[in-house]
Amino acid sequence: MLFSTVAATALAVSVFATGGFVRAAAPGEGSPSSCDAKLTGVIAPVIMPVQFGGAEDPQYEVGCNALQEFVYMNWRAKGHGVPNYGIGPSAFGYPVGPNGTYTTVWESYTNPDDLFRTPTALKNARMSSNSVRTLSATSKGDGDDVHLTGFHQADFGWLTSRHGDLTFYEERIDNDELDYIVKNGLTSAAKQRSCAATGGLSLPDGTKNDHDCAGKPASYGLKIGAIELKAAWVQLHDPAQYSRYLISRANLVYPDGSVRNNVVIGLVGLHIVHKMGNLQQLSWATFEHVDNDPDATPYPSVPATTAPSSPGPSPAWTYRNPNCVGPYCQVNKYPTPCATGNPPGCQRYTYPTQTERVTPQSSFASSNMNTFYRALAKAGATHSVFRFYRLIDVQWPSGSVTIPPGGRIPLTQGSPLPRWRVDNTTMETYEQSSAACMDCHSSAQVSGGRSLSGRVRIEAINPKVLATLMSGPSPTPAPYAADYSFVFGKAK
């Protein structure tokens, strides 16, 4: 076997990751962005392809595109995965009370667990009798039986707010990806292997190059390309916070089996992963709420909104207490669960986690955010809750390469940029200095058809095996690749 389900070791650090806090382009690389022209006064649910060229710096361009995606995804929905084009920009993110929550476009997307009908999804469907979502995943990999030794947050490391509330996670796929999976029968592990070997398992990018498993031209969904999202939520207790967050209602299932029914939750983190024609290795954008935690340097005493004309900061960080005293105050320390016998140093779920951002938000993202806030103001969205969110950065393939049929892992990373770390502190809390997005996703494979109580086992490649695979042909062929997506591993 190429993989070890128990002793799998961490993947190698990306050659593009750096140990320093690189925050801007080198002299001569930076240039004015077209983001002002695209966004200012044009807050609307529109997704446009990334256009490279001219004197623009590509990093600004992909950042601007990520903000356009953010607007689209958080626009109010009208139907399944479709924006409500009948409302104006002043309604974008307008705060609502706990009983008046609305559904955004991304929230109306399909949960892949429902698509592949895992027992967890069936259980959640039964529990959601009061028409609110049910969340039980307490790490971004929970629900997938992820085994990535060294990737702590994907190995069930949890995150607890200063108020003792666990952070919960969910994932969604857009209409294009849903349509592709359904039309090609890819909820079947056998169909996935056949597809990968013949026409090639390739998520749609919204262009004329999209095809089916036989290699014949096809179109899917809204023709905007496959999009996968992962969201992080935390319970909100103070109604005064509702005007600062995208809020929803949920049943929260805690690890001990207790359930908090129909509570108000606030969005604290969001990954948007999007495949487009000139980004075959996908764009990997990540957003966070500005109140989450401080950057390692500089260290402000209270949360900063980063918006030029936003209201003042909230009284306290969500995941950091500067006055923390005691044995559980170490920053970004992976928690040891308390099991039978309560081993020394174990940490209960209710103990607050102390976090901070290791690599600060880049100047590229900061510049794009300033444009975004100006656009909100000009569009009349002066009360939008999305003034309190920030784009951390976007990882993207500078050497985009189309994957041929029969592609096997590990796929090319496409020379990802930027060369510094891009992490979301609500989802990669404990792994902000090791592997980057593509180090893991380039090894996503089609389903092996194994069922572990309805969960997929995602395995890391041993670095020595990875080096062998990348150096040339192997006597034992590597598994077929699943186009950088772990979603396909859910098939039985």
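**Exercise 1. Strand E7 and its partners**

How many of the nine residues of strand E7 (residues 389–397) are buried? Determine also how E7 pairs with strands E6 and E8.

*Solution.* The structure is a predicted model.

Step 1. Nine of the nine residues of E7 are buried, which leaves the strand mostly covered.

Step 2. On one side of the pairing stands strand E6 (residues 279–289), which runs antiparallel to E7 and is joined to it by six bridges. Within this pairing, Thr286 has Asp393 of E7 as its bridge partner.

Step 3. E7 also pairs with strand E8 (residues 416–417), again in the antiparallel sense, over two bridges. Here Trp396 stands opposite Leu417 of E8.

**Exercise 2. The length of helix H7**

Test whether the end-to-end distance of helix H7 (residues 363–378) agrees with its number of residues, and list its buried residues.

*Solution.*

Step 1. The expected span is 1.5 Å times one less than the number of residues.

Step 2. Helix H7 has 16 residues, so a span of 22 Å is expected.

Step 3. The end C-alpha atoms of H7 are 23 Å apart, which agrees with the expectation.

Step 4. The buried residues of H7 are Phe364, Ala365, Asn368, Met369, Thr371, Phe372, Tyr373, Ala375 and Leu376.

Step 5. Just after the helix comes Gly380, whose phi is positive, at about 85 degrees.

**Exercise 3. Backbone features around E8**

Locate the cis peptide bonds that involve Pro410 and Pro418, and classify Ser415 by its phi and its accessibility.

*Solution.*

Step 1. Ile409 and Pro410 are joined by a cis peptide bond with omega of about -5 degrees. Pro410 belongs to the loop between E7 and E8.

Step 2. A cis peptide bond, with omega of about 0 degrees, also joins Leu417 and Pro418. Pro418 is placed in the loop between E8 and helix H8 (437–441).

Step 3. Ser415 lies in the loop between E7 and E8. Its phi is near 50 degrees, a positive value in a residue other than glycine.

Step 4. Partly exposed residues fall between 20% and 50% relative accessible area. Ser415 has 36% relative accessibility and therefore counts as partly exposed.

**Exercise 4. Ser442 and Tyr484**

Are Ser442 and Tyr484 buried or exposed, and what does Ser442 contact beyond its neighbours within four places in sequence?

*Solution.*

Step 1. Buried means under 20% relative accessible area. Ser442, with a relative accessible area of 4%, is therefore buried. Tyr484 counts as buried because its relative accessibility is 2%.

Step 2. Ser442 is in the loop between H8 and H9, whereas Tyr484 is found in the segment after helix H9 (463–471).

Step 3. Leaving aside neighbours within four places in sequence, Ser442 contacts Ile409, Pro410, Leu411, Gln413 and Tyr484. Two of these residues, Ile409 and Pro410, share the cis peptide bond of Exercise 3.

Step 4. Tyr484 has a positive phi, near 70 degrees, although the residue is other than glycine.

**Exercise 5. Confidence in the model**

Where in the chain is confidence lowest and where is it highest?

*Solution.*

Step 1. For the chain, the mean pLDDT is 78, with 74% of residues at 70 or more.

Step 2. Confidence is lowest in helix H4 (residues 119–127), at a mean of 47, and highest in strand E3 (residues 227–235), at 97.

Step 3. Over residues 1–33, pLDDT stays under 50, and the model has 77 contacts beyond four places in sequence for them. For residues 306–313, pLDDT also stays under 50, with 19 such contacts.

Definitions and conventions. Residues are numbered from 1 along each chain as its sequence is written. This is a predicted model: local features need pLDDT of at least 70, side-chain atom pairs count only at pLDDT 80 or more; totals for chains, interfaces and linings use all residues. Side-chain values use heavy atoms; hydrogens and water are left out. Buried means under 20% relative accessible area, exposed over 50%, partly exposed in between (1.4 Å probe, protein chains only). Helices (H or I, at least four residues) and strands (E, at least two) are DSSP runs, numbered from the N terminus. Two strands pair if DSSP finds at least two bridges between them. Contact means heavy atoms within 4.5 Å. pLDDT is the predictor's confidence in each residue, from 0 to 100.
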